Amino acid sequence: MSRIWKWYKSCLSLHPVKTQVVSSGFLWGIGDVGAQYITHFTTNTRLQYKDSEQEFITDWKRVAITSMFGFGFVGPAGHYWYECLDRFIKLRLQLRPKSVKFVAAKVAMDGFIFGPFDLFVFFSYMGLSTGKSVPEVKADVKRDFIPALILEGGIWPIVQIANFRYVPVRYQLLYVNIFCLLDSAFLSWIEQQKDAPWKRRFTSFISMREKGGQGRL
């Protein structure tokens, strides 16, 4: 294990962006395999196909598509995001590194800027890459974005507090990518759930609030 870590640090020092890109693509691909298995398992459980349970078959095309999201977006965008975020807060906001205000500022900016943008790009990319039209992609984003944002909003701030407080900047994307192994499975699962009843609860609640707000105008 120590050899692998030394090899990774060496690659990161020599080729930081390439290393982040490859590791991101690899982990997002693994995460999608996990999402496919979870979807397969929950579907069989819900439908109670105990006597005729279908064998799990990995959709490698989907794995490749999801991996490309890690390669093409998470790796390069994440690398520059964490580097620039650290510089901005140190130089512009002039907050002391590792302080409470420093970590809080990072968590807030990451949660309000990069997090929603990442979700929007993911769901848009997944729709377009599978051949859906722009109106279909818009409908899917509207269906999936809010549930994912709300559910992730209760987890990622905790993950990022530890990241920004204890992990050096050069390793912060690796730290995030390790959790992205679960996050990619979660987002892929969200996307594969289509128009599930639990998603409609989120959208119906938001629609009710919008109608209520319009009624008070």
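How many cavities of 30 Å³ or more does the structure hold? The answer is one. Please keep in mind as you read that this is a predicted model.

**The cavity**

The largest cavity has a volume of about 30 Å³. Its lining is made up of Q20, H79, Y82, E83, V169, R170 and L173. Two elements, α3 (60-92) and α7 (169-192), each give two or more residues to that lining. By character, the lining residues of this cavity divide into three nonpolar, two polar and two charged.

**The two largest pockets**

Here are the pockets side by side, with the cavity left out.

| Pocket | Volume | Nonpolar | Polar | Charged |
|---|---|---|---|---|
| Largest | about 430 Å³ | 14 residues | five residues | four residues |
| Second largest | about 280 Å³ | nine residues | two residues | one residue |

Let us begin with the largest pocket. Its lining has 23 residues, and D110, G111, G115, E152 and W156 are the ones that lie nearest its centre. Helices α3, α4, α5, α6 and α7 each give two or more residues to this lining. Among these contributors, α4 gives the most, with nine residues.

The second largest pocket is lined by M1, I4, W5, W7, Y8, C11, K18, T19, V22, S23, L174 and I178. The elements that give two or more residues here are α1, α2 (16-47) and α7. The largest share of this lining, five residues, comes from α1.

**The nonpolar core**

In soluble globular proteins, nonpolar side chains tend to be buried together. In this model, the largest nonpolar core has 37 residues. Within this core, W28, F69, F122, F123 and L187 have the most contacts. Helices α1 (2-14), α3, α4, α5, α6 (156-166) and α7 each supply at least two of the core residues. The largest share, ten residues, comes from α4. Helix α4 therefore leads twice over, giving the most to the lining of the largest pocket and the largest share of this core.

**Helix α5**

Does the span of α5 agree or disagree with its number of residues? Helix α5 covers residues 134-153, and its 20 residues, at 1.5 Å a residue, should span 28 Å. The end C-alpha atoms are 27 Å apart, so the span agrees with the expected one. The helix does bend by about 30° at D144, and the proline P147 follows within four residues. Both D144 and P147 are buried, and the other buried residues of α5 are V137, D140, V141, R143, F145, A148 and E152. E152 also appears among the residues nearest the centre of the largest pocket.

**Two residues in the loop between α3 and α4**

Most residues other than glycine have a negative phi, and most peptide bonds are trans. Which residues in this loop have a positive phi instead? One is Q94, with a positive phi of about 55° although it is not a glycine. Another is K98, with a phi near 75°. Q94 sits in the loop between α3 and α4 (100-129), and K98 is found in the loop between α3 and α4 as well. As for surroundings, Q94 is exposed, with a relative accessible area of 64%, whereas K98 is partly exposed, at 33%.

How values were computed
Residues are numbered from 1 along each chain as its sequence is written. This is a predicted model: local features need pLDDT of at least 70, side-chain atom pairs count only at pLDDT 80 or more; totals for chains, interfaces and linings use all residues. Side-chain values use heavy atoms; hydrogens and water are left out. On a 1 Å grid over the protein atoms alone, a cavity is a set of points where a 1.4 Å probe fits but cannot get out, and a pocket is an open set with protein on both sides within 12 Å along at least five of seven lines; lining residues have an atom within 4 Å of a point. Grid points are joined across faces, edges and corners, and a volume is the space filled by probe spheres set on the points. Ala, Val, Leu, Ile, Met, Phe, Trp, Tyr, Cys and Pro count as nonpolar, Asp, Glu, Lys and Arg as charged, and the others, Gly among them, as polar. Buried means under 20% relative accessible area, exposed over 50%, partly exposed in between (1.4 Å probe, protein chains only). The expected span of a helix is 1.5 Å times one less than its number of residues. The bend at a residue is the angle between axes fitted to the seven residues ending there and the seven starting there. A nonpolar core is a set of buried Ala, Val, Leu, Ile, Met, Phe, Trp, Tyr and Cys residues joined through side-chain atoms within 4.5 Å.
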